[in-house]
Amino acid sequence: MGKPTRSQQQVLALLDRLNRPVSAREIYDHLSRESRIGMATVYRALDALRREGTIKVGVRANGEAAYSPLPLDRHYLHCLHCGCDIPLAACPLGHNLQPLDPAIPFTVYYHTLEFFGVCGDCQGVAS
Ligand SMILES: [Zn+2]
Ligand SMILES: [Zn+2]
């Protein structure tokens, strides 16, 4: 694991600051306001950070990848109708995940868990 490059540091700092899952496009939109950074550089930084397990990647209802900082163990309910993302208050898996299967030597860096369905508003449930 090498020292993070400047663009990787920028991406990490932004993810920490936003503290929610964001797409590569949103990351680029934020960073390009602060400095001259290209979309390709953002993708390269995200890919390097992802491979090192420094950030995690989830998927939104529209299939777009969403990146978040590792300490953010948060899970979302994604509405397939309106596209809203509702955060769960706690991780449904709890925190005792290691080892998942004692027969498999594997070090878990992080997990993702996404739920897809229809929100209360879209079901016509008065809230
Ligand atoms: Zn909805
Ligand atoms: Zn979790």
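Colleague: Which residue forms a salt bridge with Glu 26, with the closest N and O atoms 3.0 Å apart?

Modeller: In this predicted model, a salt bridge requires a side-chain nitrogen of Lys or Arg within 4 Å of a carboxyl oxygen of Asp or Glu. Side chains of opposite charge can pair when their charged atoms come close. The partner of Glu 26 whose closest N and O atoms are 3.0 Å apart is Arg 60.

Colleague: How many residues apart are Glu 26 and Arg 60?

Modeller: Helices (H or I, at least four residues) and strands (E, at least two) are DSSP runs, numbered from the N terminus. Glu 26 belongs to helix H2 and Arg 60 to the loop between E1 and E2, so that the pair links distant parts of the chain. Their separation is 34 residues.

Colleague: For side-chain atom pairs, what pLDDT is needed before they count?

Modeller: Residues are numbered from 1 along each chain as its sequence is written, chains are lettered from A and ligands numbered from 1 in the order in which they are written, and side-chain values use heavy atoms, leaving out hydrogens and water. As the model is predicted, totals for chains, interfaces and linings use all residues, local features need pLDDT of at least 70, and side-chain atom pairs count only at pLDDT 80 or more.

Colleague: Does Arg 60 count as buried or exposed?

Modeller: Buried means under 20% relative accessible area, exposed over 50%, and partly exposed in between (1.4 Å probe, protein chains only). Arg 60 has 17% relative accessibility, so Arg 60 counts as buried.

Colleague: With which residue does the side chain of Arg 20 meet in a salt bridge?

Modeller: Arg 20 is partly exposed, with a relative accessible area of 31%. Its partner is also partly exposed, at 22%. The N to O distance of the bridge is 3.5 Å, and the partner is Glu 26.

Colleague: Which residues are linked with Arg 20 in a network of salt bridges?

Modeller: The count of salt bridges comes to six. Among the members of the network is Glu 64, which is found in the loop between E1 and E2 and is partly exposed because its relative accessibility is 31%. Glu 64 has its C-alpha 9.8 Å from that of Arg 25, with their positions 39 residues apart in sequence. Linked with Arg 20 are Glu 26, Arg 60 and Glu 64.

Colleague: Which residue forms a salt bridge with Arg 50?

Modeller: Arg 50 and its partner both lie in helix H3 (residues 39-51), three residues apart, about one turn of the helix. Arg 50 is partly exposed at 34%, and its partner is partly exposed at 31%. The closest N and O atoms are 2.6 Å apart, and the partner is Asp 47.

Colleague: What volume does the largest pocket have?

Modeller: Rolling a probe the size of a water molecule over the atoms shows where empty space is left. On a 1 Å grid over the protein atoms alone, a cavity is a set of points where a 1.4 Å probe fits but cannot get out; a pocket is an open set with protein on both sides within 12 Å along at least five of seven lines, and lining residues have an atom within 4 Å of a point. Grid points are joined across faces, edges and corners, and a volume is the space filled by probe spheres set on the points. For the largest pocket this is about 230 Å³.

Colleague: From which element does the largest share of the lining of the largest pocket come?

Modeller: The lining has 19 residues, and those nearest the pocket centre are Pro 21, Ala 66, Ser 68, Tyr 76 and Glu 114. Strands E1 (55-59), E2 (65-69) and E3 (76-79) each supply at least two residues of the lining. The largest share, four residues, comes from E1.

Colleague: What is the value of phi of Asn 19?

Modeller: Most residues other than glycine have a negative phi. Asn 19 sits in the loop between helix H1 (6-18) and helix H2 (24-34), and is partly exposed at 35% relative accessibility. Its phi is positive, near 55°.

Colleague: How far apart in space are Gly 94 and Arg 6, C-alpha to C-alpha?

Modeller: Gly 94 is placed in the loop between strand E4 (85-87) and E5. In sequence, Gly 94 and Arg 6 are 88 residues apart. In space, C-alpha to C-alpha, they are separated by 34 Å.
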